[in-house]
Amino acid sequence: ITTFIMSLIMTVAGCSFAYNSLSRLMTPVPVWYFTKYAVIITFTCLVKLLLGVIFTVRYKKAQSTVIKTVMLDSYLDCAITLMTLVSFTLSNTVGFAFDSILGLTISIIIAVLGIRLIISSVCDLIGERNEELENRISVLINKINENIGINDITVHSYGDEKVYVTLNLSLTDKEIDLLSVQNIIKNQLKTELNCNSTVEWEAFS
């Protein structure tokens, strides 16, 4: 949910930035600033770049979509700040609304990334099927006991490290302790694949 909200804010900010850039392109206004403001903007840009690097390191360790969103937001903020400084400087040199064109380009990038993150976060919220993991689970169950019949495997991923598995199994050997096998399956799914599981048994086949 946090990722979805942040992605939505990013998309709205990109669209708003695009609207302002188009307005300045249609009705150009003189661009001016003082040197002290340029120094402040440069310092702000460096801070945002540092934040992006920090979140990049954290993302490599945690692989969290929330951290990924904040990381992208930091880099985009850095790019916007840098482009603002560059466009202000060049607008007085090139003689046309260079800041508007540059701002429009950046805003489109922000909006597109925001929309992609929204789609990704919605997939995490509603869950998505993971066929590769289903195959790994099948192999794991066959290793535990060859007498286990796999009728159905349903895997749903809800964001980072939130994987739920529903197994529909059957035993071909009545001498096997069903409860013991079930506990082994659930424990190995948790320890080896980090999956929470529910096991349903069919009649002996």
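The expected span of a helix is 1.5 Å times one less than its number of residues. Keep that rule handy for the opening views of this predicted model.

**Whole chain: six helices and four strands in a predicted model.** Welcome to the overview, which sets the scene for the close-ups. The chain has 205 residues, and 32% of them count as buried. From start to end, its elements follow the order α-α-α-α-β-α-β-β-α-β. Among contacts between residues at least 6 apart in sequence, 66% link residues at least 24 apart. As for confidence, the mean pLDDT of the chain is 79, with 86% of residues reaching 70 or more. Strand β1 (residues 128–129) has the lowest confidence, a mean of 64, while α6 has the highest, at 87.

**Helix α2: the span agrees with the residue count.** This helix covers residues 35–62, which makes 28 residues. With a rise of 1.5 Å a residue, the expected span is 40 Å, and the C-alpha atoms at the two ends are 41 Å apart, so the two values agree. Its buried residues are Ala38, Cys45, Gly52 and Thr56. Arg58 also belongs to α2. With a relative accessible area of 48%, Arg58 is partly exposed, because that value lies under the 50% cut-off for exposed. Met71 is 13 residues from Arg58 along the chain, and their C-alpha atoms are separated by 9.1 Å.

**Helix α1: a second check of length, and a list of buried residues.** Running over residues 2–26, α1 has 25 residues and should span 36 Å; its end C-alpha atoms are 36 Å apart, which agrees. Buried along α1 are Thr3, Ser7, Met10, Thr11, Gly14, Ala18 and Ser21. An α-helix has 3.6 residues a turn, so residues three or four places apart point the same way. Ile9 has its place in α1 too. Is Ile9 buried or exposed? Ile9 is exposed, because its relative accessible area of 55% is over the 50% cut-off. Although 105 residues separate Ile9 from Gly114 in sequence, their C-alpha atoms are 8.0 Å apart in space.

**Strand β3: a largely enclosed strand that pairs with β2 and β4.** Of the 9 residues of β3, 7 are buried, so the rest of the structure largely encloses this strand. β2 and β3 pair through 9 bridges in the antiparallel sense. Here Ile150 has Leu169 of β3 as its bridge partner. Towards β4 (residues 196–201), β3 (residues 163–171) makes 6 bridges, and these two strands run parallel. Leu169 stands opposite Trp201 in β4, and Leu167 has Val199 as its bridge partner there.

**Crossover: the path from β3 to β4 passes through α6.** Which hand does this β-α-β crossover have? With helix α6 (residues 178–193) in the middle, the crossover is right-handed. Look next at Asn194, in the loop between α6 and β4. Phi of Asn194 is near 55°, a positive value in a residue other than glycine. Most residues other than glycine have a negative phi. Asn194 is partly exposed, because its relative accessible area of 32% falls between the 20% and 50% cut-offs.

**Nonpolar core: 19 residues in the largest such group.** Which residues have the most contacts inside this core? They are Ile137, Val165, Leu167 and Leu189. At least two core residues come from each of α5 (131–144), β2 (148–157), β3 and α6. β3 gives the largest share of the core, with 5 residues. Take Ile137 as a starting point for a tour: leaving out residues up to four places away in sequence, Ile137 touches Ile153, Val155, Val165, Leu167, Leu189 and Leu193.

**Second core: a separate group of 5 residues.** Its members include Met10, Ile106, Ile110 and Leu117. Met10 has already appeared among the buried residues of α1.

Notes:
Residues are numbered from 1 along each chain as its sequence is written. This is a predicted model: local features need pLDDT of at least 70, side-chain atom pairs count only at pLDDT 80 or more; totals for chains, interfaces and linings use all residues. Side-chain values use heavy atoms; hydrogens and water are left out. Buried means under 20% relative accessible area, exposed over 50%, partly exposed in between (1.4 Å probe, protein chains only). Two strands pair if DSSP finds at least two bridges between them. A crossover is right-handed if, with the strands pointing away from the viewer, the path from the first strand over the helix to the second runs clockwise. pLDDT is the predictor's confidence in each residue, from 0 to 100. A nonpolar core is a set of buried Ala, Val, Leu, Ile, Met, Phe, Trp, Tyr and Cys residues joined through side-chain atoms within 4.5 Å. Contact means heavy atoms within 4.5 Å.
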